[in-house]
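Here are some notes on the charged pairs in this model, and on one glycine. Please read them alongside the coordinates.

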Amino acid sequence: MSKEIPYKIYLEESEMPKQWYNVRADMKNKPAPLLNPATLEPMTYDDLRPVFCDELIRQELDDTTPYIDIPDEILNFYKMYRPSPLVRAYCLEEKLQTPAKIYYKFEGNNTSGSHKLNSAIAQAYYAKNQGLKGVTTETGAGQWGTALSMACAYLGLDCQVYMVKCSYEQKPFRREVMRTYGASVTPSPSMTTEVGRKILAEHPGTNGSLGCAISEAVEAATHQEGYRYVLGSVLNQVLLHQTVIGLETKTALEKYDIVPDIIIGCAGGGSNLGGLISPFMGEKLRGEKDYRFIAVEPASCPSFTRGKFAYDFCDTGMVCPLAKMYTLGSGFIPSANHAGGLRYHGMSSILSQLYHDGLMEAVSVEQTAVFEAAEKFARVEGILPAPESSHAIKVAIDEALKCKETGEAKTIVFGLTGTGYFDMYAYEKFNNGEMTDYIPTDEELEKGFQGLPVVPER
């Protein structure tokens, strides 16, 4: 075992990033603008004000500023759990008998158990700074809802969470953590909103989806004075905040002159993947270095690998702006797989454009194979990973085994976005041999595509 590189590479507090990196500034082909669903014209600052916080809108629309200062109050909050460690997976390498060098950026060292807190505190801060009473949001697996409830408790804001119904039922302890931090949690779709009632009428007994929960949260925000809607993934502003992950990773690697060959992340809406790869992607866009980027998504919700690059509604209720992204259609409701945070019909516009331009790859994997990888990782690395993160683990192992076949000693970096301690229902299903795989048919996907809005070429 090499003595040159420690198991865990820690940064000093002084080495934490003081700015977020906006990858759009270096993109030749910018993400297409959000469109007003009524006029099909690009959304303006004033159009977005009823839904989002003012400063977050500015960040959302900023395609040109490469670095944006992180306010001191947010930096001070970050210091409670950041910098996060970059870990060399020596034991996994030995288990696989691979010449590959494997590293993972671990984002689970906080009570929310994931990377989501990086953006939650930023969005809550801007809401508080604007003098708002509270915020509404949706959550899938519950990690985003947990993170936002923590941030709102810290800042004294009301927090209303619409949790995808199947996750609400599968992950009761995650729900109770949110309630402990003062959030109200409603299973979605619900009878508490007009759009929820409509979805239930059209899809009786549905398990829900992130698209459904988004619709309810937006309606709740726009029907209460002093509230705004905040989102845990997909939007440009969220990827911006999450770049603290990639910036820290890059600094840690450079301390030991490590140059990654492959960078891997799970992909649901894109916040974790985008946050991890953005600083490295910037180097690639500027022609300074080259890396191979791999997005990993569930086979049950394959936005990148089987979706269409088109304008679509961001939510099932069709009340949100239209975004150009890889999508399965806003009406697509995925099966109740155990990676609740990856059950979104679309993908970040930033990542969609990068993928469309051939700057990154995407693969889809089935959940039984994902849990096999999670188990293998947990037994040697000592961390029980979240199902979402385990998608990245699965492909990191696959790439390491390819190195074993070829003899190439490639350096692989992946994002371990969170812990799986609230996902024991899923692990129980896997351990009992009761877990199954579901892959939507072409006919099922076509139903979603038929609902895509007709948008004139711009």
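**Notes on salt bridges and glycine 415**

1. Glutamate 283 is buried, with a relative accessibility of 5%. Its salt-bridge partner is lysine 289, and the closest N and O atoms of the two are 4.0 Å apart. Lysine 289 is partly exposed at 36% relative accessibility. The pair therefore joins a residue under the 20% limit for buried to one that lies between that limit and the 50% above which a residue is called exposed.

2. Elsewhere, salt bridges with shared partners link Arg82, Lys105, Glu107 and Glu248 into one network. Please keep in mind that this is a predicted model. The salt bridges in the structure number 25, and the points here take up some of them, including the pair of glutamate 283 and lysine 289.

3. Which residue pairs with glutamate 15 in a salt bridge? The partner is lysine 255, with 3.4 Å between the closest N and O atoms. Glutamate 15 sits in the loop between strand E1 (8–9) and strand E2 (19–21), while lysine 255 belongs to helix H11 (residues 236–255), so the salt bridge ties together parts that are 240 residues apart in sequence.

4. On accessibility, glutamate 15 is partly exposed, its relative accessible area being 26%. Lysine 255 is also partly exposed, at 41%.

5. Arginine 175 and glutamate 176 form a salt bridge through their side chains, with an N to O distance of 3.2 Å. Is arginine 175 buried or exposed? It counts as buried, at 17% relative accessibility. Glutamate 176 has 28% and counts as partly exposed. The two values fall on either side of the 20% limit, so the residues are classed differently.

6. Glycine 415 is a separate matter. It lies in strand E15, which spans residues 411–416, and is buried at 3% relative accessibility. Leaving aside residues up to four places away in sequence, glycine 415 touches Lys105, Ile264, Asn272, Leu276, Ser389 and Ala392. One of these, Lys105, also belongs to the salt-bridge network with Arg82, Glu107 and Glu248.

7. How far apart are the C-alpha atoms of glycine 415 and glycine 182? They are separated by 29 Å, and the two glycines are 233 residues apart along the chain.

Terms used
Residues numbered from 1 in each chain as written. Predicted model: local features only at pLDDT ≥ 70, side-chain atom pairs only at ≥ 80, totals over all residues. Heavy atoms only, no water. Helix = DSSP H or I, 4+ residues; strand = E, 2+ residues; numbered from the N terminus. Buried < 20%, exposed > 50% of the residue type's maximum accessible area, 1.4 Å probe, protein only. Contact = heavy atoms within 4.5 Å.
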